[in-house]
Amino acid sequence: MAMPDDSVDDVFLPGGRLRVDWFSDDALHALRESLRLARETRWDSVRSPHVFMGLLAVPDPSIRNWGDRLQADLSNLLDQFQELFHQEQGEEEAVLALNREFLSDNVIRLLRDAYQRAVENRRCKITPMDLLISLLTASKSIVAQCFERIGVTAAKLTELAVIAEHTGRDNERGERAKK
């Protein structure tokens, strides 16, 4: 008896590889940067702070808009997170790929939440903002906890991200109307 394929609506293919065609070019670029940053900070798997660092390393216009609204220098913020999450004792040359086995449970959940968010917003591709907002709204988000230590709540970070996302969409609509 054939079993239904539960992976049809999952961001991972049955073998564990990420469905890269479900991600915008900018989101995929950020995820690839997260792999590099996980290696650079000596982790043997990609964690949610690495995804955040990937978004900061190659910010698309909406992430830059979020940074501006936060009044944060994204490259300085990236440096701070790299320093905070660098391990002295760790894998110097970890083999990492965009495959489920190399991602923490939180990152797997984050990617699935980002996909759900994209679907709810009627988009066929996951954007960097889907990743950021899903990361900030995750329960016990270590990234949000880092910001809360300096007095910026997850709710405020998310609010600014949603505003930046809507501003970006409005700008895109205006550009298309001009053409």
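Reader: How many aromatic pairs does the structure hold, and what makes two rings a pair?

Author: This predicted model holds 7 aromatic pairs. Rings of Phe, Tyr and Trp (its six-membered ring) pair if their centres lie within 6.5 Å; planes under 30 degrees apart are stacked, over 60 edge-to-face, and the rest tilted. Because the model is predicted, local features need pLDDT of at least 70 and side-chain atom pairs count only at pLDDT 80 or more, while totals for chains, interfaces and linings use all residues. Residues are numbered from 1 along each chain as its sequence is written, and side-chain values use heavy atoms, with hydrogens and water left out.

Reader: Why is the pair of Trp66 and Phe147 called edge-to-face?

Author: The centres are 6.5 Å apart and the planes make 75°. An angle over 60 degrees counts as edge-to-face, so the name applies. The pair links distant parts of the chain, with Trp66 in helix 3 (residues 61-70) and Phe147 in helix 7 (residues 142-148), 81 residues apart. Helices here are DSSP runs (H or I, at least four residues), as are strands (E, at least two), numbered from the N terminus.

Reader: What makes the pair of Phe81 and Phe147 tilted?

Author: The angle between the planes is 35°, with 6.0 Å from centre to centre. This angle is neither under 30 nor over 60 degrees, so the pair is tilted. Phe81 is in helix 4 (residues 74-85), 66 residues from Phe147 in helix 7. Ring pairs also link Phe52, Trp66, Phe81, Phe85 and Phe147 into a cluster.

Reader: How do you know whether Phe81 and Phe147 are buried or exposed?

Author: Buried means under 20% relative accessible area, exposed over 50%, and partly exposed in between (1.4 Å probe, protein chains only). Phe81 has 4% relative accessibility, so Phe81 is buried. Phe147 has 5%, so Phe147 is buried.

Reader: How many disulfides are there, and what would make one?

Author: The structure holds 0 disulfides. One would need a pair of cysteine sulfur atoms within 2.5 Å.

Reader: Is Cys124 called buried or exposed, and why?

Author: Cys124 has a relative accessible area of 68%, so Cys124 is exposed. Cys146, at 11%, counts as buried.

Reader: What is notable about the phi of Lys140?

Author: Most residues other than glycine have a negative phi. Lys140 is not a glycine, yet has a positive phi of about 60°. Lys140 lies in the loop between helix 6 (128-137) and helix 7. Lys140 has 74% relative accessibility, so Lys140 counts as exposed.
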